Amino acid sequence: LGAYGYPTGYSPTMDRMAKLGSLHQNMFTVIPHTTPGHASLLTGCYPVNHGSRDNAFAIRTDVPTLAEAMAGAGYQTAGSVGHFLISGPTSGLDRGFQFHKAPPEPGLAPSKNDKGKTVFPLATNTFRPWGQVNNHAREWLETAEEPCFMFLHYYECHAPHTPPRPWNRIPGLSMYDGEVAGIDLAINDVRTMLHQKGILNRTEIIITADHGESLGEHGYKGHGLMLYQPSMGIPWITYNGKTADGWIHRGLSRIMDIMPTILSHRQIQVPLGFDGRPY
């Protein structure tokens, strides 16, 4: 992202949001896997406390979620996700959402590992493109009443790297950069739908990720095995349509800090037992 010093200029929407809002410069996930990473985001807890330590392992049923806290405070809640690894049956992260859309599980066949625990092989990487994710969001937003909370998840910026047109036809453009450009377009589409509903200037938009991606650094490509910065570092950009200070937090921030920050800024009680801290 240009907001984090990358020079290509393929993330204009996110870069502008960071310039007009706030950015956490040293922001990290706690585990470079999809299910537990999102679990930490949406519970404010380390994996040891929310119970999801690997993909397709659901959080414990007694762990409160961000959506549950928002719904309990009177917010209408909706989620639209692009991959089954954070669907309700797979992750338990649909709790608290009154409207939730996710791809169906692709027929996972559970088995036992050498420690006797049930494991689920990742049978497919089939996902819903961001257009479908946003269409579900648009469908809900048409009738949603304020206050409302919406969680959107995009999978495109993920291996194998296959960016959409026109970025897959630009000579010399990194495939990963092309995927980033596609996600930037998706976020701009969200801005458009909020503007059309007339609530953009009183809506807070938070941009983050469950993990990063190694692109050859340290002789490694991908994520999930190594704990180097490329796969552990993630963005945290907040834009609310009002501020124009470009505030930058340079200290350490963690994925678990987002949930208590959202709740505390709205004077909503933060559930007991969380590991994050509000900013």
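A cavity here is a set of grid points where a 1.4 Å probe fits but cannot get out. Keep that in mind for the first view of this predicted model.

**View 1. A closed space inside the protein.** How many cavities of 30 Å³ or more are there? The count comes to 1. The largest cavity has a volume of about 40 Å³. Look for the residues that line the largest cavity: H38, L42, V81, I86, L93, F97, H100 and F151. Sorted by class, that lining has 6 nonpolar residues and 2 polar ones, with no charged residues.

**View 2. The open sheet and its strand order.** Here you can pick out 4 strands that form an open sheet. Reading across, the order is β7-β10-β1-β11, and the pairing is mixed. Which strands sit at the edges? They are β7 (205-208) and β11 (247-254), and each of them pairs on one side only. From one strand to the next, the twist averages 20°. As a bit of background, strands of a sheet pair through backbone hydrogen bonds, either parallel or antiparallel.

**View 3. Strand β1 and its two partners.** Zoom in on β1, which covers residues 22-28. With β10 (residues 236-239), strand β1 pairs in the antiparallel sense, over 2 bridges. With β11, strand β1 runs parallel, and 6 bridges join the two. S22 is a handy residue to find in this view: S22 stands opposite T238 in β10, and the bridge partner of S22 in β11 is W247.

**View 4. A helix lying across the sheet.** This close-up shows helix α9, made of residues 258-265. Which strands does α9 lie across? Helix α9 lies across β1, β7, β10 and β11. Compared with β7, helix α9 runs at about 175°.

**View 5. Two helices packed together.** Two packed helices are described by the angle between their axes and the distance between the axes. The pair in this view is α1 (residues 12-20) and α7 (residues 175-197). Their packing angle is about 60°, and their axes are 7 Å apart. Angles from 65 to 115 degrees would count as roughly perpendicular and those under 35 as roughly parallel, so α1 and α7 are oblique to each other. On the α1 side, P12, T13, M14 and M17 make the contact. They meet V180, D184, I187, N188 and R191 in α7. By class, the residues of this contact between α1 and α7 divide into 5 nonpolar, 2 polar and 2 charged.

Conventions: Residues numbered from 1 in each chain as written. Predicted model: local features only at pLDDT ≥ 70, side-chain atom pairs only at ≥ 80, totals over all residues. Heavy atoms only, no water. Pairing = 2+ DSSP bridges. Axes fitted to C-alpha atoms, helices over the stretch in contact; angles between N-to-C directions. Contact = heavy atoms within 4.5 Å. 1 Å grid on protein atoms, 1.4 Å probe; cavity = no way out; pocket = protein on both sides within 12 Å on 5 of 7 lines; lining within 4 Å. Points joined across faces, edges and corners; volume = space filled by probe spheres on them. Nonpolar A, V, L, I, M, F, W, Y, C, P; charged D, E, K, R; others polar. Parallel < 35°, antiparallel > 145°, perpendicular 65-115°, else oblique.
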